[in-house]
Amino acid sequence: MARVFNFSAGPATLPESVLAQVRDDMLDWQGSGMSVMEMSHRGPEFVSIAEQATQDLRTLLAVPDNYRILFLQGGATAQFAGVPLNLPGDRADYIVTGNWGKKAHKEAGKYLDARVAATGDDGFTSIPAQSDWDLDAASRYVHITPNETIQGVEFPNDPDLGSDVPLVADMSSNFLSRPVDVSRYGVIYAGAQKNAGPAGICMVIVRDDLLGHAAPATPMVLDWQAQLEADSMLNTPSCFAWYVCGLVFRWLLDNGGLETMAATNARKASRLYDFIDQSDFYRNPVDPAARSRMNVPFLLADDGLDKTFLSEAGEAGLSSLKGHRSVGGMRASIYNAMPEAGVEALIDFMRDFEQRNG
Ligand code: PMP
């Protein structure tokens with residue numbers, strides 16, 4: 001069996017040791033005589049899996065005691081509605097720095113006056129300076145997308161709003177890639193299928209004072225307080241995805257936690273950006289100060305070579321490098337589970353391709 005280096009933006013590559021553990025547990029999880037997929041979510045076995053995963057996530061991210069952690073279905077997209085429904089008000093401010101922020105903003109507009117308080121340039125290649133954000137002091141919250149998966153644009157650090165207005169972040173594509181000062185945020189949410197596990201589950205981390213205010217028409221599965229009271233099991237949760245996330249959290253803890261992950265991720269990203277920058281054959285259009293350490297889009301000087309690049313990369317065991325259809329070109333997603341050897345293999349291939357076609 002040959003595993004490829006998989007640069008998919010999500011669902012994305014998972015640590016091989018996690019997959020091996022899933023395989024070993026498949027028919028008989030810890031002597032229970034059944035797989036995790038077959039257990040009652042109310043039984044002691046699954047409850048222990050869920051509790052351990054929640055505790056490990058709290059440890060990993062250093063989540064303060066006054067925040068709750070939920071594991072919900074519906075992906076990050078459900079929370080595009082969940083946020084304004086749980087934080088109802090007249091208006092909210094959105095900092096739109098790419099396609100996902102745009103979607104979050106559009107969905108919120110169904111429930112309140114969603115303002116675009118700041119946005120990147122046309123092609124979303126930068127992060128507007130905080131001093132240029134046109135925030136409304138009466139807004140219920142400020143929403144950001146710290147990493148835009150499609151454009152490869154990332155906030156360099158956790159913004160400090162310096163006000164009582166809660167900061168809400170869709171961290172789907174850089175969750176657990178580095179330490180985060182959770183106390184800067186009122187709400188953090190993140191779909192699992194990039195850095196945390198398989199698709200089908202979304203983690204929501206909410207500060208206590210933001211719970212219990214849901215609009216009356218909020219669907220009960222989206223009501224954070226109702227889900228908290230039910231331990232995220234108001235209905236059947238995404239049991240298997242929750243379990244795999246738990247294994248990924250363990251893998252992170254066993255491998256030095258988020259500080260170590262951040263250092264490795266910075267190294268991987270700068271190797272790739274440095275290579276792209278020294279070449280006239282490849283180009284990354286993003287402002288260097290806002291470049292994502294997770295998703296690295298790049299264009300070939302001659303886009304007539306895109307197809308050949310992708311097919312030869314595939315033959316070399318480098319998979320899923322096609323850029324999002326809205327921006328074209330290539331995109332290498334290099335999440336936590338992408339080993340440094342994968343980035344080196346990509347650079348070697350790119351160098352060789354350039355020599356043969358440049
Ligand atoms: N936000 C971001 C930043 C994403 O990258 C994605 C998925 N690519 C989403 C939201 C949507 O996530 P889901 O498909 O889990 O709803």
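**Exercise 1. Describe how α2 packs against α6, from geometry to residue classes.**

Step 1, geometry. Helix α2 (residues 44-61) packs on helix α6 (residues 239-254) at about 40 degrees, and their axes are 9 Å apart. Axes are lines fitted to C-alpha atoms, for helices over the stretch in contact, and angles run from 0 to 180 degrees between N-to-C directions. Helices (H or I, at least four residues) and strands (E, at least two) are DSSP runs, numbered from the N terminus.

Step 2, class of angle. α2 is therefore oblique to α6. Angles under 35 degrees count as roughly parallel, over 145 as roughly antiparallel, 65 to 115 as roughly perpendicular and the rest as oblique.

Step 3, handedness. α2 and α6 cross in a left-handed sense. A crossing is left-handed if the near helix is turned anticlockwise from the far one by less than a right angle, and right-handed if clockwise.

Step 4, residues. From α2 the contact includes Phe 46, Ile 49 and Ala 50; from α6 it includes Cys 239, Trp 242 and Tyr 243. Contact requires C-beta atoms, placed from the backbone, within 7 Å. The contact of α2 with α6 has 13 nonpolar, three polar and two charged residues. Here Ala, Val, Leu, Ile, Met, Phe, Trp, Tyr, Cys and Pro count as nonpolar, Asp, Glu, Lys and Arg as charged, and the others, Gly among them, as polar.

Two conventions apply throughout. Residues are numbered from 1 along each chain as its sequence is written. The model is predicted: local features need pLDDT of at least 70, side-chain atom pairs count only at pLDDT 80 or more, and totals for chains, interfaces and linings use all residues.

**Exercise 2. Work through the crossing of α1 and α6.**

Step 1. The two axes come within 10 Å and cross at roughly 135 degrees. α1 and α6 are therefore oblique to each other.

Step 2. The crossing of α1 and α6 is right-handed.

Step 3. Ser 17, Val 18, Gln 21 and Val 22 of α1 face Val 244, Leu 247, Val 248 and Trp 251 of α6. Six of the residues in the α1 contact with α6 are nonpolar, two polar and none charged.

**Exercise 3. Analyse the packing of α3 on α4.**

Step 1. Helix α3 (residues 75-86) meets helix α4 (residues 99-108) at about 45 degrees, with axes 8 Å apart. That makes α3 oblique to α4.

Step 2. The crossing of α3 and α4 is right-handed.

Step 3. Phe 80, Ala 81, Val 83 and Pro 84 in α3 meet Lys 103, Ala 104, Glu 107 and Ala 108 in α4. The classes are six nonpolar, no polar and two charged.

**Exercise 4. Set the ligand shell beside the UniProt record.**

Step 1. The residues around the ligand include Gly 10, Gly 75, Ala 76, Thr 77, Trp 100 and Asp 170. The criterion is a C-beta atom, placed from the backbone, within 6 Å.

Step 2. α3 supplies the largest share of the shell, three residues. By class, the shell has two nonpolar, eight polar and one charged residues.

Step 3. For "binding site", the unreviewed UniProt entry lists Ala 76, Thr 77, Trp 100, Thr 149, Asp 170, Gln 193, Asn 235 and Thr 236. They span 161 residues in sequence, and the farthest two C-alpha atoms are 30.0 Å apart, so they do not all gather at one spot. Such annotations may be inferred rather than shown by experiment.

**Exercise 5. Locate two backbone features.**

Step 1. Gly 10 and Pro 11 are joined by a cis peptide bond, omega about -5 degrees. Pro 11 sits in the loop between β1 (5-6) and α1 (16-25).

Step 2. Phe 124 is not a glycine, yet has a positive phi of about 55 degrees. Phe 124 lies in the loop between β4 (113-119) and β5 (142-144).

Note on methods:
Contact = placed C-beta atoms within 7 Å.
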